[in-house]
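Here is a friendly walk through one protein model and its ligand. Keep the structure open beside the text and follow along residue by residue.

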Amino acid sequence: MSLQKIEKVAVIGTGTLGTQIALQAAFYGTRVTAYDPDHTQFERMLKMIRFRIQNSGKKATPAFEDIPGTAKKIILCSSLEEALRDVDLVIEAVPEDIPIKREVFGKLDAIAPKKAILATNSSSIPISKIESATGRPEKCMNIHFYALEIKQGMADVMGGTRTSDDTFDQGREWVRSIGCIPLAVNKESLGFCFNRVWRAVKRETLHMWADGISDFQDIDRGWMVFTGMAQGPFGMMDNIGLDVVYGIEMVYYEESRDLKDYPPEKLKAMIDRKEMGVKTGKGFYTYPNPAYKDPSFLKKGTCR
Ligand code: NAD
């Protein structure tokens, strides 16, 4: 039997990621409705996305080349009832908090048509912690998008304890249909697919630095030469915010209780000194002109 196609999607929460997902989906021809209790968010986020693209100095991905034109295709709704009318899929992108997500999923389940798949865009919460707030666990899943505006879009796709194969496949095919690469996660996993890879890089490099094995700039140099990227893991962590990185590492530690997963005290000390990266002007590097942007950075090295 062929899979039922996802044609109409509701995005719930039009913050940083919800707005990007709505634009990406609308550009590729999905009919999109969106709802956020804060009606000013959508316009604010459109401006922020344009700023982020300009500031990156990179070319926008196709869905973000004409943001006002694409935004016109999205129907902004003033109630959940209106947003959920006749949808095939709901993408929830509300704050990263289990009680909030469970409350929202309970409402989605009560209002959305029975055929609708309910997906969370959460960065860390597996759907198994949310699905029981609904009466349709077989239609619940994680679809976790990575920032879409300047990089090829991709999304982790993961089921919960009772997600049906059809639900998983429909979610995965929809991700593909909107120009993104689906990364299938076949067993529940904290960090999904690629977040887990990135997390391994963070854990390893942070401990190498904290244990005095290599200078963080040499680790970044190695990464930049090896991958051809314009910055290394420490530059990237400065972008994210070292407090956010620390918080995420603690989530992994709480899960494993393995001391190898505990983030280094030296990282905590930086946060206590308000050295949190780009947002405070200092992290591993100093901003707005971090050393890795210097054309001679790769050649310098820290060897004695
Ligand atoms: P955000 O704070 O930018 O946006 C959250 C939005 O949800 C806000 O506009 C808020 O008004 C709205 N909201 C709050 N309560 C609501 C409710 N009850 N119903 C509907 N809307 C509600 O957050 P974000 O960064 O977009 O994150 C949203 C989700 O996406 C989180 O689960 C996060 O983990 C995930 N995510 C974020 C990123 C990122 O880079 N920011 C990346 C991947 C995944």
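## Around the ligand

The ligand in this predicted model is surrounded by 21 residues, of which Asp36, Gln41, Glu96, Lys101 and Ser123 come nearest. Sorted by class, this shell holds 8 nonpolar, 9 polar and 4 charged residues. Which helices and strands each supply at least two residues of the shell? They are helix 1 (16–27), helix 5 (98–111) and strand 6 (140–145).

Three polar contacts are worth displaying, and each of them involves an oxygen atom of the ligand. Thr16 reaches the ligand through a polar side-chain atom, at 2.9 Å. Leu17 takes part through its backbone instead, with a polar atom 2.9 Å from a ligand oxygen. Lys101 uses an N or O atom in its side chain, and the distance there is 2.7 Å. How much of the ligand's accessible area does the protein cover? On its own the ligand has 830 Å² of accessible area, and the protein covers 73% of that.

## Pairs along the chain and in space

Please pick out Gly15 next, in the loop between strand 1 (8–12) and helix 1. Gly15 counts as buried because its relative accessible area is 14%, and the cut-off for buried is under 20%. Its C-alpha lies 6.3 Å from that of Gln41, although the two are 26 residues apart in sequence. Gln41 has already appeared among the residues that come nearest to the ligand.

Gln152 sits in the loop between strand 6 and strand 7 (154–159). Is Gln152 buried or partly exposed? With a relative accessible area of 49%, Gln152 is partly exposed, since exposed means over 50%. Its partner in this comparison is Ala60, which is 92 residues away in sequence and 9.7 Å away in space, C-alpha to C-alpha.

Ser122 belongs to the loop between strand 5 (117–120) and strand 6. At 1% relative accessibility, Ser122 counts as buried. Ser122 and Ala112 are 10 residues apart along the chain, and their C-alpha atoms are separated by 20 Å.

Lys47, in helix 2 (residues 41–56), is exposed, with a relative accessible area of 60%. From Lys47 to Asp258 the C-alpha distance is 42 Å, with their positions 211 residues apart in sequence.

The four pairs are gathered here for easy reference.

| Pair | Separation in sequence | C-alpha distance |
|---|---|---|
| Gly15 and Gln41 | 26 residues | 6.3 Å |
| Gln152 and Ala60 | 92 residues | 9.7 Å |
| Ser122 and Ala112 | 10 residues | 20 Å |
| Lys47 and Asp258 | 211 residues | 42 Å |

## Two domains

Stepping back, the protein is divided into domain 1 (8–185) and domain 2 (196–298). Taken over C-alpha atoms, the centres of domain 1 and domain 2 are 29 Å apart.

## Backbone details

Most residues other than glycine have a negative phi, and most peptide bonds are trans. With that in mind, a few places in the backbone deserve a look.

Asp86 is not a glycine, yet its phi is positive, at about 60°. Look for Asp86 in the loop between helix 4 (80–84) and strand 4 (89–92). Asp86 counts as partly exposed because its relative accessibility is 47%.

Phe192 also is not a glycine and has a positive phi, of about 55°. Phe192 is found in the loop between strand 8 (181–185) and helix 7 (194–210). Is Phe192 buried or exposed? At 3% relative accessibility, Phe192 counts as buried.

The peptide bond from Tyr287 to Pro288 is cis, and its omega is near 20°. Pro288 is in the loop between helix 11 (265–272) and helix 12 (297–300).

## Cysteines

How many disulfides does the model have? The count comes to 0 disulfides, where a disulfide needs a pair of cysteine sulfur atoms within 2.5 Å. For Cys180, the nearest cysteine sulfur belongs to Cys193 and is 15 Å away, so Cys180 is in no disulfide. Cys180 counts as buried, at 4% relative accessibility. Cys140 counts as buried too, because its relative accessibility is 0%.

Notes. Residues numbered from 1 in each chain as written. Predicted model: local features only at pLDDT ≥ 70, side-chain atom pairs only at ≥ 80, totals over all residues. Heavy atoms only, no water. Buried < 20%, exposed > 50% of the residue type's maximum accessible area, 1.4 Å probe, protein only. Near = heavy atom within 4 Å. Polar contact = N/O pair within 3.5 Å; in protein donor to acceptor, adjacent residues only side chain to side chain. Areas by Shrake-Rupley, 256 points an atom, 1.4 Å probe, with all protein chains shown as cover. Helix = DSSP H or I, 4+ residues; strand = E, 2+ residues; numbered from the N terminus. Nonpolar A, V, L, I, M, F, W, Y, C, P; charged D, E, K, R; others polar. Domains from an automatic or database assignment.
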